[in-house]
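Biologist: I'm new to reading models like this one. Please take one sheet and walk me through it slowly, and then show me anything else that catches your eye.

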Amino acid sequence: MAPRRHLCLKGSNAPAATSVAVVEKETILPPSHSLLGSAPPLQDENGAIIRLMESDVGISEYIAKDVQKIGGIIKQRFTDFLVNEVDQDYNVVHIKSLGMPEPPAKKAKDIEKTEANMDAPPGEIPEISEKVEADLLRHTEQASSGVPKVPWPESFTARLAPFLSAEKIEELKKMFLEGPNPPFVSDAGWAGRLVTKADESGASDSATVKEASSKRGRDRGGRGGRGGRGGKPVREDHRKILSEPIASKQTRTNFHQTIRELFGGKLDSETDMNELATSSDGSRIVVRWARRGNGGGGGRGGSRGERAPRGTYPPYIHFTLQKTNRDTHDALQNLSRTLHVSVKDLSTAGTKDKRGVTVQRVALRRREKTVEDAWKLANGVPTKRSADDAIRERGERGVRIADLTYRKAALELGMLKGNAFVITLRNVQVDSIETIDQAMNSIKERGFINYYGMQRFGTAAIPTHSIGLALLKSDWHLAVSLILRPRPGEHPDVLAARRAWLDDGDLDKALELLPRRVVAERCILESYKKQRGDTRNALGTLSTIPRNLRLMYVHAYQSYVWNAIVSERIKTWGADKPVPGDLVLESGTVEQAEVADGMDVRGHLRLFLGLIISPTLEESSSGHKNNKKPWQAPRVKTLTEEDVDKYSIFDVVMPLPGNDVAFPGGDLGEKYREYLIRDGLDPDNFQRPQKDYTLGGSYRNIYICQRNCHDPDVPLAQSDEDRLLGYDSPAPALDGRFLALQIRLILGTAAYATMALREVTKTDTSSQFQSNLTQVSEDQHFKGMDRGDHQCAD
């Protein structure tokens, strides 16, 4: 056994001298760590790292080195780090209502009463505006008094006029009056429906249509054609109305809203994806009859004029998720159990930080569940509490869902524009307020280094990029070993589960003790159990871990190399301007560089002050599967002495290692290769027999305020849930003892807010370092005291 020694970890920010058992052994970090110029971190007897610092993952430089350090504590409370997703329409996602959603059956019933001669919509049934509801009510009253109901009032034409030409409106009217089933066409190719004088005036002879339909059904053996036994024939409906190109997004939105209001969900409107890539004048909108569920009303019991059964609503439910101190996958695992679904039935547009309060949209493949079912299950109604209690109390286990709606499709990674942050620094230590102003002005004018933050590399003592390197080198057994190793400071149940397997070889006991939130380890142990304890098939065992989690390991290694090379670039050539050998995207490439995982490389950093600093590029491995245009690698240009003055430092990009990328020119490119070779990788070949571990490289830009305070355990910002529950919002105390700094900003995808804070504070953002700061902070002496005794200064 390696010799053991006891060291005391001391430092200006350490709470006390701490005795730690350390062994001198080979580090689990990548071999290229020696190129970073920092000493290897201490490891315990299991090889786990005791304290992983920013310098261990390539983060070492600052832009505004001339601005003094601002001391402060990051994420002391969960509410010190609020994150709200920004959707694809640039809307910041907030919880709007905690209550149970209105039953869709009630909405469908209201529509039936007013439009009894039409089919109920199979899709989402939207709210009906008061004006349209009044029109429908008036038409219903006319019908009941013996006056024929008007199927197409003049108000329809007037409301559609801003969006469609008169000719298109007539086509839409004709399609609407024909009903949801297309006119019968005989094998001879001409309309089989008999046209009467009534037809010429806009009304159809329903008896003739019914006769033709029933005859056709009998000719097919009385089974109702494709509709199933006893159902009506189903004919493919090619009817659609295509608008002229509409350049204004707001006009398109208004058009969609008008279609929903006028036709109550019976007609669908959507962007014409076939025209999207070729039209420069705007997008066209397609209007067609909504698709009918369950064979278009065929099968037993399908009859026209009845409300669509619950199975015919859109196949997905979208809802807003707020989670507190839980990582995204853990929160989804918890939801899958409460909703009684597979975790694969839940999807998001992106992952969010663990330590904080985050809000994002989630999609559920609902199967037979309604929005009311999902809300009740998630809130434990009525098994654990009443519906009234559910809207008066916080969500269980730090999870709350709200604002449930039906949708036609799931969410996929990248279906967002970024995230909005409200970040509070506590116990701020600064020489003067002028220093804070200088730091804020530097962020606004010069930005910050677009490093991958510490959360990219995991909070545990086994860094995720070390596991990623093992996967890239096809060292499957090492990857499994790293995932299963004990971590110092982890939950006792998790440690006991690890020991049950590693020391005693007891799979059953290990699985019994292991919490479900520990996903990768559970997948490995369950795989071993299926293989009756055989551990030889390490590759197969790893494949049972969710793909997104496995890719997280690989992307962490890419991020480590990117951080290290960017630090080399700034350390050697400065942070102010481009130099020969730097890479920039060629003109027009950003518009084409749609990225891997569906991320948008055009996600801009936008401060609430309105400043646009720089675009950020997300790592990429393949194109979005729904993109109409195939993904193409961005084209880059290597700067020379002749053209270096034509660009700014905000144009400079750095590649993430992988296929289809170019390395920087000169010494920096050689340094890039040196890192990869030192780690046992071929810089010119990232192809792997296992597709999941084939790296598709991309490029990332190297660059990319209010004050409140209180007691260390008094919140300085408020979550959506607490606001809706009626908790008092925090207020600053002008005569308080301590100073806090609150920063609000919006970042594009793949940008890390903690790296913006790092530029302001000049402080290490690793969890271990921040924990030490919290323990030795002066404000901890006042923890739990009455707020009036120790308010903080504004």
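Biologist: Let's start small: which residue in β17 is the bridge partner of V584?

Modeller: The partner is V652. Before we go on, remember that this is a predicted model: local features need pLDDT of at least 70, side-chain atom pairs count only at pLDDT 80 or more, and totals for chains, interfaces and linings use all residues. Residues are numbered from 1 along each chain as its sequence is written, and side-chain values use heavy atoms, with hydrogens and water left out.

That V584 link belongs to the pairing of strand β13 (residues 583–585) with strand β17 (residues 652–656), which is antiparallel and has two bridges. Strands here are DSSP runs of E with at least two residues, helices are runs of H or I with at least four, and the numbering starts at the N terminus. Two strands count as paired if DSSP finds at least two bridges between them.

Now zoom out to your sheet. It is open, has four strands in the order β16-β13-β17-β18, and pairs in the antiparallel sense. β16 (636–638) and β18 (698–701) sit at the edges with a single partner strand each, so each has one side without a neighbour in the sheet. From one strand to the next, the twist averages 50°. Helix α20 (residues 547–573) lies across β17 and β18, at about 145° to β17. Contact means heavy atoms within 4.5 Å; axes are lines fitted to C-alpha atoms, for helices over the stretch in contact, with angles from 0 to 180 degrees between N-to-C directions.

Something else to look at is strand β12 (residues 418–429), where eleven of the twelve residues are buried. Buried means under 20% relative accessible area, exposed means over 50%, and partly exposed is in between (1.4 Å probe, protein chains only). β12 pairs antiparallel with β3 (residues 71–74) over three bridges, with β4 (residues 81–86) over six, and with β20 (residues 741–748) over eight. Look for L425 in β12: I74 stands opposite L425, and so does L741 in β20.

Last, a few backbone oddities. Most residues other than glycine have a negative phi, and most peptide bonds are trans. The V381 to P382 bond is cis, with omega near 0°, and P382 lies in the loop between α11 (371–378) and α12 (387–390). S474 has a positive phi of about 60° and, at 32% relative accessibility, is partly exposed. K762 has a phi near 55°, but K762 is buried, at 14%.
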